[in-house]
2 protein chains.
Amino acid sequence: MSFGQMKISFLGTAGSKPTPERNPSCIAISYGRDVILFDCGEGCQKQMLRKVRQSRIRRVFISHFHGDHYLGLPGLMMTMSLNGRTDPIEIYGPKGTLEFIKAMLMSGYMDISYDVKVKELSSDKLQFNGYSIQSFPVDHGVPSLGFIFLEDPKRGSFDTRKARELGIEGEMFSKLENEGELILDGKTIKLEDVTQNRKKGRRVTYSGDTRPIDFPMETKGSDILIHEATFLNDEERGDTYHSTVGEACEAATHIGAKTLILTHINSRYNDIEIMERAKDRFDNVMVAEDLMEIEL
Amino acid sequence: MSFGQMKISFLGTAGSKPTPERNPSCIAISYGRDVILFDCGEGCQKQMLRKVRQSRIRRVFISHFHGDHYLGLPGLMMTMSLNGRTDPIEIYGPKGTLEFIKAMLMSGYMDISYDVKVKELSSDKLQFNGYSIQSFPVDHGVPSLGFIFLEDPKRGSFDTRKARELGIEGEMFSKLENEGELILDGKTIKLEDVTQNRKKGRRVTYSGDTRPIDFPMETKGSDILIHEATFLNDEERGDTYHSTVGEACEAATHIGAKTLILTHINSRYNDIEIMERAKDRFDNVMVAEDLMEIEL
């Protein structure tokens with residue numbers, strides 16, 4: 001993919017237990033040349049063979065350390081070694097991540113050929129090349145996070161009339177673009193002086209596993225909200241730390257998401273029941289399927 | 001399955017890395033009401049949904065602790081808990097198993113609802129209900145085992161002529177069968193006095209991952225030898241601790257196996273190449289496929 005292209009690949013969409021059709025949780029966002037994983041359930045390395053270039057995975061964000069959200073990580077890391085990887089991998093997760101990863105790497109002969117960088121997050125914002133990832137605590141009984149993928153705002157198009165007034169012409173445009181400013185007749189001209197307003201970047205929010213929460217400000221206007229929907233109704237949910245289909249729809253309404261994608265699908269339901277429950281509650285909603293892909 | 005019925009289910013037949021068609025190593029033997037796993041690669045719990053009743057798994061034998069042979073175990077154990085299992089599970093493996101399992105259970109929030117019994121083996125024979133499992137060391141660079149499934153010998157049929165001579169009749173047959181002996185006119189008569197020679201039970205040998213070794217005596221005459229065949233020839237094998245297709249065939253010849261099943265199939269080969277190499281070297285040979293089953 002070229003710079004700025006963006007794709008979401010659903011590699012695992014099951015609830016706590018896999019089904020013949022669904023693997024445990026794993027979502028890959030491909031952005032330009034980077035692949036970022038959100039959760040890494042058992043079997044995700046096999047799913048990747050069909051959809052995602054494993055060598056492009058730069059960083060993995062684990063929402064929490066229940067088995068269905070991380071048990072694909074050691075096998076993925078082992079295969080990366082077998083493939084001769086030398087690029088470091090970054091692993092992010094909630095409080096406890098460092099100890100858990102240490103134990104994981106001691107569960108067998110894990111001969112890792114590259115550096116493993118682990119960082120524990122709470123409410124944090126990490127800036128990468130062209131995008132940032134913001135983490136926020138969610139309510140799941142154990143330390144757990146949700147994540148927002150925030151593409152950097154893009155500069156507006158050149159305002160050619162304004163540029164001409166200021167004397168910008170020819171190669172000066174690319175100098176401005178590359179360096180952000182230039183000096184003309186002793187006067188500093190900045191890129192934003194001759195471009196229209198910056199455009200908001202694309203935004204994808206992933207809830208992880210959680211009871212209903214107040215989503216942070218930065219989730220507002222998400223292009224996509226990927227929300228767990230483990231149960232159909234309150235009675236079935238009981239006092240587990242999960243959300244119902246209705247609550248996922250309310251969250252999407254509340255943050256003004258353009259599209260809602262339901263995931264963490266309980267083996268006891270079929271898609272039709274879930275859509276039946278969701279369709280009157282939020283307009284633009286779909287149920288995630290394994291190997292489904294969305295280009296933004 | 002009723003008592004005495006026996007089935008081998010190949011749940012994972014890949015080499016070190018999964019392919020779209022093959023999961024990492026896992027073989028289930030169903031014997032009567034017991035299911036025994038040999039290795040437990042990533043994704044085996046999902047494969048089981050199609051072939052094996054997970055609740056019947058009594059014991060797991062791990063050949064060695066490279067990731068492709070054990071990384072399905074924590075997910076399987078977690079799902080067993082979610083399914084409310086209370087029966088203990090037995091885990092057997094080579095030296096180091098206890099520490100590895102401890103680390104595995106500390107790699108996340110693994111809330112296990114049943115007892116986990118771990119035992120390290122070397123050259124051991126364990127007796128169970130109707131069968132025993134014998135372990136033997138193999139040559140794989142790290143502590144590694146192969147295993148033999150040995151069905152108990154069965155009593156021969158009643159020799160009715162001999163029985164009549166000794167005065168055995170009517171309900172005395174079932175008393176003999178159940179109690180092994182009875183006293184008639186002050187004289188002890190044993191079951192084997194009135195039955196023909198015992199019949200050898202069925203026998204299945206699994207090599208685990210290994211360079212060529214001398215297989216123990218007890219593997220002689222195996223009905224099935226499941227042998228790794230990671231490489232096509234010596235050059236490709238190099239100095240790795242694996243076997244070639246030819247070496248697997250030699251092992252089968254050497255122990256007089258009736259059938260050879262090649263597994264741990266390297267992603268770089270296709271079945272035709274492997275069969276091409278094997279077919280002149282051993283008569284009754286096949287390449288394992290995921291979800292293949294064999295009834296004995």
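D271(A) is partly exposed in this predicted model, with a relative accessible area of 23%, and its place is in helix α9 (residues 271-278) of chain A. The residue forms a salt bridge with R22(A), in which the closest N and O atoms are 2.8 Å apart. R22(A) itself is buried, at a relative accessible area of 7%, and is found in the loop between β1 and β2 of chain A. The pair therefore links distant parts of the chain, since 249 residues separate the two partners.

## Salt bridges

Over all chains, the count of salt bridges comes to 35. Other examples in chain A join residues with higher accessibility values, which can be read beside each bridge below.

| Salt bridge | Closest N and O atoms | Relative accessible area |
|---|---|---|
| R22(A) with D271(A) | 2.8 Å | R22(A) 7%, D271(A) 23% |
| E99(A) with K102(A) | 3.6 Å | E99(A) 51%, K102(A) 46% |
| K279(A) with E276(A) | 3.1 Å | K279(A) 40%, E276(A) 47% |E99(A) and K102(A) both belong to helix α4 of chain A, where they stand 3 residues apart, about one turn of the helix. An α-helix has 3.6 residues a turn, so residues three or four places apart point the same way. With a relative accessible area of 51%, E99(A) counts as exposed, whereas K102(A), at 46%, counts as partly exposed. Both K279(A), at 40%, and E276(A), at 47%, are partly exposed. In addition, a network of salt bridges links D34(A), R58(A), R59(A) and E90(A).

## The sheet of chain A and the helices across it

In chain A, 7 strands form an open sheet with mixed pairing, and their order is β6-β5-β4-β3-β2-β1-β16. The edges are held by β6 (116-120) and β16 (293-295) of chain A, each of which has a single partner strand, so that one side of each is left without a neighbour in the sheet. From one strand to the next, the twist averages 15°. Strands of a sheet pair through backbone hydrogen bonds, either parallel or antiparallel. At the β6 edge, strand β5 (residues 89-93) of chain A runs parallel to β6(A), and 5 bridges join the two; Y92(A), for instance, has K119(A) in β6(A) as its bridge partner.

Two helices of chain A can be placed against these strands. Helix α4 (residues 97-105), which holds the pair E99(A) and K102(A), lies across β5 and β6 of chain A and runs at about 145° to β6(A). Helix α1 (residues 44-51) of chain A lies across β1 (6-12), β2 (26-31), β3 (34-38), β4 (57-61) and β16 of chain A, with a direction at about 140° to β1(A).

## Buried sites in chain B

In chain B, D39(B) is located in the loop between β3 (34-38) and α1 (44-51), and its relative accessibility of 0% means that it counts as buried. The side chain of D39(B) makes a polar contact with the side chain of H69(B), at 2.8 Å. When neighbours within four places in sequence are left aside, D39(B) is in contact with S25(B), C26(B), I27(B), F61(B), I62(B), S63(B), H64(B), H69(B) and Y206(B). For one of these, F61(B), the C-alpha to C-alpha distance from D39(B) is 5.9 Å, although the two residues are 22 residues apart in sequence.

Helix α3 (residues 73-82) of chain B is largely enclosed by the rest of the structure, because 9 of its 10 residues are buried. The buried residues of α3(B) are L73(B), P74(B), G75(B), L76(B), M77(B), M78(B), T79(B), M80(B) and S81(B). After α3(B) comes G84(B), whose phi is positive, near 80°.

A charged residue, E247(B), lies in helix α8 (residues 245-255) of chain B. At 14% relative accessibility, E247(B) falls under the 20% limit and therefore counts as buried. Leaving aside neighbours within four places in sequence, the contacts of E247(B) are with P212(B), D234(B), R237(B) and H242(B).

## How the two chains are related

Chain A superposes on chain B, with an RMSD of 0.1 Å, after a rotation of 180° with 0.1 Å of shift along its axis. The two copies are thus related as by a two-fold rotation axis. The same surface serves both copies, in that 97% of the contact residues of chain A recur in chain B.

Methods:
Residues numbered from 1 in each chain as written. Chains lettered and ligands numbered in written order. Predicted model: local features only at pLDDT ≥ 70, side-chain atom pairs only at ≥ 80, totals over all residues. Heavy atoms only, no water. Least-squares fit on C-alpha atoms with pLDDT ≥ 70 in both. Contact = heavy atoms within 4.5 Å. Pairing = 2+ DSSP bridges. Helix = DSSP H or I, 4+ residues; strand = E, 2+ residues; numbered from the N terminus. Axes fitted to C-alpha atoms, helices over the stretch in contact; angles between N-to-C directions. Buried < 20%, exposed > 50% of the residue type's maximum accessible area, 1.4 Å probe, protein only. Polar contact = N/O pair within 3.5 Å; in protein donor to acceptor, adjacent residues only side chain to side chain. Salt bridge = Lys/Arg side-chain N within 4 Å of Asp/Glu carboxyl O.
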